[in-house]
Amino acid sequence: MGNLSDRFSNRIALGISYAIMALSLFWLISASSEWSLFLFSIAFGFAYGGMLVLFSPLVAELFGTRSHGVILAAGALAGSFGAALGPIVTGYIFDVLCSYTMAFILCAVLALTGLISTLLLIPPPRRKPA
């Protein structure tokens, strides 16, 4: 994803990561064989890893480097809360519905929300060199 961000932009590479993540989660819903789970793992892992790598340069691109650490830490804190709540919510969904399908759909919808949010980001205006 770093190569894609260098060629196009951090925003586009992050959008691609979210799209791959959402598609792989929808794939997981219909997965019924071992090879389909392997395919899911590869695609989801690639997308998730790419997404994590792109946050720091995107924050620097959008907000500059003056408050980069604080903004990145706030985003990491929010992500940590989501990661902590995810298994609890997923377990509850499974206990109520006896299936993980709705949890996977919820995760895919959240990934699509990330995709839409990323595409709606307004790139900063280009500064003229002094």
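**A walk from the core to the surface**

Of the 16 residues in the largest nonpolar core of this predicted model, the ones that touch the most other members are Leu14, Tyr18, Met21, Leu25, Met51 and Leu54. Three helices, namely helix 2 (10-30), helix 3 and helix 5, each supply at least two residues of this core, and helix 2 gives the most to it, with seven residues. A good place to look more closely is Met51, which, when residues up to four places away in sequence are not counted, touches Leu14, Ser17, Tyr18 and Met21. Three of these partners, Leu14, Tyr18 and Met21, are themselves named with Met51 among the core residues that touch the most other members.

From the core we can turn to helix 3, which covers residues 34-63 and in which Leu52 is found. Is Leu52 buried, partly exposed or exposed? Leu52 counts as partly exposed because its relative accessibility is 46%, a value that falls between the limit of under 20% for buried and that of over 50% for exposed. Although Leu52 and Ala76 are 24 residues apart along the chain, their C-alpha atoms are separated by 9.8 Å.

Aromatic rings are the next feature to follow. The count of aromatic pairs comes to five, and one of them is formed by Phe44 and Tyr48, whose rings are stacked, with 6.1 Å from centre to centre and 10° between the planes. The pair is called stacked because its angle of 10° lies under the cut-off of 30 degrees. Phe44 and Tyr48 are four residues apart in helix 3, so about one helical turn separates them. Both residues are partly exposed, since Phe44 has a relative accessible area of 24% and Tyr48 has a relative accessibility of 39%. Together with Phe40, Phe44 and Tyr48 form one aromatic cluster.

The last stop is on the surface, where Leu85, Ile88, Val89, Leu106 and Leu110 make a nonpolar patch of about 470 Å². Which helices each supply at least two residues of this patch? They are helix 4, which runs over residues 68-97, and helix 5, which runs over residues 101-120, and the largest share, three residues, comes from helix 4. Val89, one of the patch residues, lies in helix 4, and because its relative accessibility is 38%, Val89 counts as partly exposed. Helix 5 thus appears twice in this account, as it supplies at least two residues of the largest nonpolar core and at least two residues of the nonpolar surface patch.

Conventions
Residues are numbered from 1 along each chain as its sequence is written. This is a predicted model: local features need pLDDT of at least 70, side-chain atom pairs count only at pLDDT 80 or more; totals for chains, interfaces and linings use all residues. Side-chain values use heavy atoms; hydrogens and water are left out. Patches are made of residues with over 30% relative accessible area and no salt bridge: like charges are joined within 9 Å, nonpolar side chains (Val, Leu, Ile, Met, Phe, Trp, Tyr) within 5 Å. Accessible areas come from the Shrake-Rupley method with a 1.4 Å probe; for residues, only the protein chains shown count as cover. A salt bridge is a side-chain nitrogen of Lys or Arg within 4 Å of a carboxyl oxygen of Asp or Glu. Buried means under 20% relative accessible area, exposed over 50%, partly exposed in between (1.4 Å probe, protein chains only). A nonpolar core is a set of buried Ala, Val, Leu, Ile, Met, Phe, Trp, Tyr and Cys residues joined through side-chain atoms within 4.5 Å. Contact means heavy atoms within 4.5 Å. Rings of Phe, Tyr and Trp (its six-membered ring) pair if their centres lie within 6.5 Å; planes under 30 degrees apart count as stacked, over 60 as edge-to-face and the rest as tilted.
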